[in-house]
Amino acid sequence: MTEISGKTVVITGAASGIGRGTAIELAKRGARLAISDLDRAGLAETAKRIEAMGGKVSTYLVDVADRDAVYAFAQEIESAHGGADIVINNAGVAQIARVDALSYEDFEWVMNIDFWGMVYGTKAFLPQIQKKGEGHIVNVSSIFGIISVPSQAAYNSAKFAIRGFTEALRHEMKGTRINVSCVHPGGIKTNIVRNARFLQSTQATAREEAASGFDKLARTTPEKAGETIANGIAKNKARILIGTDAKIIDLLQRILPSSYGKIMFRREIGPLSGAAETGEAKA
Ligand SMILES: NC(=O)c1ccc[n+]([C@@H]2O[C@H](COP(=O)([O-])OP(=O)(O)OC[C@H]3O[C@@H](n4cnc5c(N)ncnc54)[C@H](O)[C@@H]3O)[C@@H](O)[C@H]2O)c1
């Protein structure tokens, strides 16, 4: 069990979507929030909503891909709050591109934010948690950290790597009071597709088309995602699956570990896979 009330919770990428939903849910449960993002206006909006509920929150502009900035952020949290109790490495970006057309620069953009951002956030805050002797680290992967989909090799690489790193850390922390969870959301109705990089782009309107297609497919709200993450933290779950879609895909991967693709990719599937079959990104 992880106690939430009265604890200092750091959440990255909290200006939008799952990060915002989780921040608000944890504030409802009595946590003090330290939220970060690159998006100043979105961060202020999240803070406003928390304060309107009588919650405690402070905001920080931090690029998770900037290692020095993440360490400086951890230092500020140590000075201002005596360290974090719970850290949720949530900030992330998506990208649609086939491997044959994926430049190293674009690949690194995803890895630097999604993977290295999570590593920096874990390693910068872990010493504070170890000093306290208890706490919780939560890293947000994806259902695409459990199965791979065409046109998402970079995103899949980052999200599988988050799972590998996080499960190793959980094993390392066994026998301590430091808990570690990996989150695997299915489709959550957020701005992830609107903010995604679409490579091989030919149509100007296609980003909006992909985003509205995603909005229809993604059944879970960010508020519900926040609730599921908060419950998973409270129960110290190793793996937090969000949404029925995530549960079904996880089951399919267990039943057909190497041939799930035969069932899944007969037609377009999945929140971010609109361009998967043709190799043409839809924006
Ligand atoms: N929405 C989904 O269906 C879904 C599914 C699986 C996993 N996820 C994961 O959930 C996490 C949150 O995504 P979301 O769906 O809420 O998307 P979102 O786009 O609504 O929110 C992501 C937030 O991360 C911030 N961000 C991006 N780059 C950053 C950087 N370099 N430094 C700091 N902040 C940065 C953005 O400004 C934004 O506020 C991501 O890691 C994403 O991969 C989302």
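These legends accompany close-up views of a predicted model with its ligand.

**View 1. The ligand in its pocket.** Welcome to the place where the ligand is found: the largest pocket. A shell of 29 residues surrounds the ligand, and the closest are Ser16, Asp37, Asn90, Tyr155 and Thr190. By residue class, this shell holds 14 nonpolar, 12 polar and three charged members.

**View 2. Helices that contribute to the shell.** Here we turn to two helices, α1 (17-28) and α5 (153-172). Each of them supplies at least two residues of the shell around the ligand.

**View 3. Polar contacts of the ligand.** Let us look at oxygen atoms of the ligand and their protein partners. At Tyr155, an N or O atom of the side chain lies 2.6 Å from a ligand oxygen. Asn195 also offers an N or O atom of its side chain, at 3.1 Å from an oxygen of the ligand. With Asn191 the partner is a polar backbone atom, 3.2 Å from a ligand oxygen. On its own the ligand has 820 Å² of accessible area, and the protein covers 95% of this.

**View 4. Asn156 in helix α5.** For a last stop, find Asn156, a residue of helix α5. Its relative accessibility is 3%, so Asn156 counts as buried, the cut-off being under 20%. A polar atom of the Asn156 side chain lies 3.2 Å from the backbone oxygen of Ile147.

Key: Residues numbered from 1 in each chain as written. Predicted model: local features only at pLDDT ≥ 70, side-chain atom pairs only at ≥ 80, totals over all residues. Heavy atoms only, no water. Near = heavy atom within 4 Å. Polar contact = N/O pair within 3.5 Å; in protein donor to acceptor, adjacent residues only side chain to side chain. Areas by Shrake-Rupley, 256 points an atom, 1.4 Å probe, with all protein chains shown as cover. 1 Å grid on protein atoms, 1.4 Å probe; cavity = no way out; pocket = protein on both sides within 12 Å on 5 of 7 lines; lining within 4 Å. Sits in = over half its atoms within 2 Å of the grid points. Helix = DSSP H or I, 4+ residues; strand = E, 2+ residues; numbered from the N terminus. Nonpolar A, V, L, I, M, F, W, Y, C, P; charged D, E, K, R; others polar. Buried < 20%, exposed > 50% of the residue type's maximum accessible area, 1.4 Å probe, protein only.
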